[in-house]
Amino acid sequence: MAVSSSPILSPFGVNIISADLGSSSTGLPRFNFCSIQRNNRRPSHVIVLSSKSSKESWSEAKRVLMEQYGFNPDEALSEPPPKSKRKKELKEAGKDKQIAPKEPKPPRTTHKLLTVLGGKARRMKLLSPKGMDVRPMMEVVKGAAFDILQAAGGCPASLRPGRWLDLYSGTGSVGIEAISRGCSEVHFVEMDPWVVSDVLRPNLEWTGFLDVSVIHTVRVEKFIERAKQLAGKEPFDYISVTPPYMEVDYAVLMDQISNSALVGEDTFIITDRRFGRTHLVIYGPKWAEKKKKKEKLLRGVAVEV
């Protein structure tokens, strides 16, 4: 019997040396146990495995050896499934797990609470979204703004004819009020497609002002950057700025507007802002300034409501 020169490291804490016998009376492997003393060291156990070179015999030998040491060969010798098979098993197992469905968002709805205050569409009701999706200008503030603009234009009964730009238009109530009171054309800038399709456009159709309106479904910042391409080269006569409270930097926004092609020498700018209470601010051209008790009425005046 010839013994291989290099032992096989066994997981059971012994050395396994396989040897091939030229002939054997049985097809099963044979184990020989012996102790080898080397240089006064503790004896090490050597297992000599004698067998014909055969994959089946080697597998059977491992099974016998594991059983002798108290291991379950069926568990120890089982091969892991291929990666692709394992992925498939995991995928199938995942299908059995119940995933809680996401709660659908409640549908957005509208109601008619806003009213046109003056002009040819006076007292007509306008749609607005329920909840806080859109913040229309308060009607008392809107009424005060238009009264001041009409007086500044020299005609208390109506606005001077001109073009109006309604930034953050939402429901369109400010621009619609402007058309109702005499403006010839209004550009509405609103970024929310649902508000445009389900609120703003229906309000324009209901009041009959769709033909003199232009809707821009775009962010205000982008509209200001592309003002000449989107709104023409001529500046607007009126610009209303009614952004959601506390969601914009008014100083930055007003700087962008004043340095854009939207503003001309005769432009009125109306802003509606809130810091505690509501403040209406109107910037007007020099010719519209009127002095009363040495105080300016229009240019940069804040009206607290």
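In this predicted model, ring pairs join Phe-146, Trp-164, Tyr-238, Phe-268 and Trp-287 into a cluster. The protein that holds this cluster has 9 helices and 15 strands, and buried residues account for 37% of its 305 residues. Where contacts join residues at least 6 apart in sequence, 56% of them connect residues at least 24 apart.

**Aromatic pairs**

- Across the whole structure, a search finds 4 aromatic pairs.
- Trp-164 and Tyr-238 form a stacked pair, because their ring centres are 5.0 Å apart and their planes meet at 20°, an angle under the 30 degrees that sets the limit for stacking.
- This pair links distant parts of the chain, since Trp-164 belongs to strand 7 (residues 163-167) and Tyr-238 to strand 10 (residues 236-241), with their positions 74 residues apart in the numbering.
- Both partners are shielded, in that Trp-164 is buried and Tyr-238 is buried as well.
- Phe-268 and Trp-287 make an edge-to-face pair, with 5.9 Å from centre to centre and 90° between the planes.
- Here too distant parts of the chain are linked, with Phe-268 in strand 11 and Trp-287 in the loop between strand 12 and strand 13 (291-292), 19 residues apart.
- The two partners of this edge-to-face pair are placed in unlike surroundings: Phe-268 is buried, at 0% relative accessibility, whereas Trp-287 is partly exposed, at 43%.

**Nonpolar cores**

- The largest nonpolar core has 28 residues, and of these Leu-149, Leu-159 and Trp-164 touch the most other members.
- Two or more residues of this core come from each of helix 4 (139-152), helix 5 (173-180), strand 8 (185-189), helix 6 (193-207), strand 11 (263-275) and strand 12 (277-283).
- Among the contributors to this core, helix 4 gives the largest share, which amounts to 5 residues.
- Setting aside residues up to four places away in sequence, Leu-149 touches Leu-159, Trp-164, Tyr-238, Phe-268, Ile-270 and Ile-282, and of these partners Trp-164, Tyr-238 and Phe-268 also belong to the ring cluster.
- Another core, of 17 residues, lies apart from the one that Leu-149 belongs to, and its members include Phe-223, Ile-239, Met-254 and Leu-262.

**Charges over rings**

- The charged end of Lys-112 is placed over the ring of Trp-206, at 4.3 Å from the centre of that ring.
- In a second arrangement of this kind, Arg-163 lies over the face of Phe-236, and the distance to the ring centre is 4.2 Å.

**Gln-150 and its surroundings**

- Gln-150 is located in helix 4, and with a relative accessible area of 3% this residue is buried.
- The side chain of Gln-150 makes a polar contact of 2.9 Å with the side chain of Arg-181.
- When neighbours within four places in sequence are left aside, the residues in contact with Gln-150 are Cys-155, Pro-156, Ala-157, Ser-158, Leu-159 and Arg-181.

**Cysteines**

- The structure contains 0 disulfides.
- Cys-155, which is in contact with Gln-150, is partly exposed at a relative accessible area of 31%, while Cys-183 is buried, with a value of 5%.

**Residues with positive phi**

- Arg-123, a residue other than glycine, has a positive phi near 75°, and its place is in the loop between strand 5 (110-115) and strand 6 (125-129).
- Arg-123 counts as exposed because its relative accessibility is 63%, a value over the 50% that marks an exposed residue.
- Tyr-168, also a residue other than glycine, has a positive phi near 55°, and lies in the loop between strand 7 and helix 5.
- Tyr-168 counts as buried because its relative accessible area is 16%, which falls under the 20% that marks a buried residue.

**Ser-59**

- Ser-59 is found in helix 1 (residues 55-68), where this residue counts as partly exposed, at 30% relative accessibility.
- Between the C-alpha atoms of Ser-59 and Pro-73 there is a separation of 9.9 Å, and the two residues are 14 residues apart along the chain.

Technical notes: Residues numbered from 1 in each chain as written. Predicted model: local features only at pLDDT ≥ 70, side-chain atom pairs only at ≥ 80, totals over all residues. Heavy atoms only, no water. Core = buried A, V, L, I, M, F, W, Y, C linked by side-chain atoms within 4.5 Å. Buried < 20%, exposed > 50% of the residue type's maximum accessible area, 1.4 Å probe, protein only. Helix = DSSP H or I, 4+ residues; strand = E, 2+ residues; numbered from the N terminus. Contact = heavy atoms within 4.5 Å. Disulfide = S-S within 2.5 Å. Phe/Tyr/Trp six-rings, centres within 6.5 Å; stacked < 30°, edge-to-face > 60°. Lys NZ or Arg CZ within 6 Å of the ring centre and 35° of its normal. Polar contact = N/O pair within 3.5 Å; in protein donor to acceptor, adjacent residues only side chain to side chain.
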